[in-house]
Amino acid sequence: MRLVLLGAPGAGKGTQAKMLIDKYGIPQISTGDILRKAVADGTPLGKEAKVIMDKGELVTDEIVIGLVKERLGQDDCKKGYILDGFPRTTPQAEALDAELAAINTPLTDALSVDVPMDDLMKRLTGRRTCKSCQQMYNVHFSAPAKDGVCDKCSGELMQRGDDTEDTIKNRLDVYEKSTAPLIDYYNGKGILKSVEGTGNIDDIFNKVCSILG
Ligand code: AP5
Ligand code: MG
């Protein structure tokens, strides 16, 4: 399976992708995670990306296309992969299609995780992530047993720098303008599927699995 996960910030792309890794035995490729690692490592790319990400804007197509091409060339992607947060502009989608056409391995599915805009702000302001194992929590919906501490590994929980109200508002605007058009793009390619992303996380996962087969 070569899957693209589509959905607004906070729709649950990362949450579902992490569950799909185990089910299908294929890696998650999250451009957001790759960029956050570059920021944490203080690389030149990370320094450039941090300014953009803190505003909720998009990093340039050139940079993310380069990152994804490199990642797709690694061995663990031979069996398939889950793209999370890429593509998010039409030029990114076109570059991905061209790259995959050249090696005769087109995308098999694009799954849109649909959540009403009104729910997203609460999900994003409430999100907490473990610094050590990246397990995700939500102080409103799936709080850890002990405040600030990961249930799985006892690691410290942190809040993402772009999960502030003003930045979230901009991320949602940028999504509507630049990324939502990809739903039509993949519909036109005949590979679009969609799932309602509200309700219990495990129930959504079961729906996702039956849609993907
Ligand atoms: P990125 O990291 O991709 O962030 P995003 O698209 O804004 O999406 P999120 O990760 O915030 O949401 P998600 O859908 O993964 O939700 P999650 O599962 O965490 O990108 C960050 C930035 O990097 C961008 O703004 C941009 O600057 C840059 N960037 C990245 N890729 C780029 C690209 N291709 N081009 C250009 N720039 C790029 O869930 C959210 C919360 O909700 C969690 O707390 C979770 O526990 C909770 N939750 C999940 N499901 C449910 C449920 N069913 N009910 C209740 N709560 C739930
Ligand atoms: Mg995510």
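**Exercise 1. Sort the residues that line the largest cavity by class, then place that lining in the chain.**

Solution. Step 1: the lining of the largest cavity holds seven nonpolar, three polar and two charged residues. This structure is a predicted model.

Step 2: list the members. L5, L6, G7, A8, P9, K13, G85, F86, P87, R88, Y175 and T179 make up this lining.

Step 3: assign elements. Both β1 (2–6) and α7 (165–179) contribute at least two residues each to the lining of the largest cavity.

Step 4: add the volume. The largest cavity has a volume of about 80 Å³.

**Exercise 2. Find how many cavities of 30 Å³ or more the whole structure has, and describe the second largest.**

Solution. Step 1: the search of the whole structure gives two cavities of 30 Å³ or more. The second largest has a volume of about 30 Å³.

Step 2: name its lining. The residues around the second largest cavity are I65, V68, K69, L72, F86, A95, L96 and E99.

Step 3: assign elements. At least two lining residues come from each of α4 (61–72) and α5 (90–102). The largest share, four residues, belongs to α4.

Step 4: sort by class. The lining of the second largest cavity has six nonpolar residues, no polar ones and two charged ones.

Step 5: compare the two lists. F86 appears in the lining of the largest cavity and also in that of the second largest.

**Exercise 3. Describe the shell of residues around ligand 1 and the polar contacts of ligand 1 with T31, R123 and Y137.**

Solution. Step 1: count the shell. Ligand 1 is surrounded by 35 residues, and the closest are T15, T31, E57, R127 and R171.

Step 2: sort the shell by class. It divides into 15 nonpolar, 11 polar and nine charged residues.

Step 3: take the contacts made by nitrogen atoms of ligand 1. An N or O atom in the side chain of T31 is 2.7 Å from a nitrogen atom of ligand 1. For R123, a polar side-chain atom lies 3.4 Å from a nitrogen atom of the ligand.

Step 4: turn to the backbone. A polar backbone atom of Y137 is 2.9 Å from an oxygen atom of ligand 1.

Step 5: state the burial. Ligand 1 taken alone exposes 1,000 Å², and the protein buries 96% of that.

Step 6: assign the shell to elements. Those giving two or more residues are α1 (13–24), α2 (31–41), α6 (117–125), β6 (136–138) and α9 (201–212). The largest share, four residues, comes from α2.

Technical notes
Residues are numbered from 1 along each chain as its sequence is written. Chains are lettered from A and ligands numbered from 1 in the order in which they are written. This is a predicted model: local features need pLDDT of at least 70, side-chain atom pairs count only at pLDDT 80 or more; totals for chains, interfaces and linings use all residues. Side-chain values use heavy atoms; hydrogens and water are left out. On a 1 Å grid over the protein atoms alone, a cavity is a set of points where a 1.4 Å probe fits but cannot get out, and a pocket is an open set with protein on both sides within 12 Å along at least five of seven lines; lining residues have an atom within 4 Å of a point. Grid points are joined across faces, edges and corners, and a volume is the space filled by probe spheres set on the points. Ala, Val, Leu, Ile, Met, Phe, Trp, Tyr, Cys and Pro count as nonpolar, Asp, Glu, Lys and Arg as charged, and the others, Gly among them, as polar. A residue is near a molecule or strand if one of its heavy atoms lies within 4 Å of it. A polar contact is a pair of N or O atoms within 3.5 Å; within protein, one must be able to donate a hydrogen and the other to accept it, and residues adjacent in sequence count only if both atoms are side-chain atoms. Accessible areas come from the Shrake-Rupley method with a 1.4 Å probe; for residues, only the protein chains shown count as cover.
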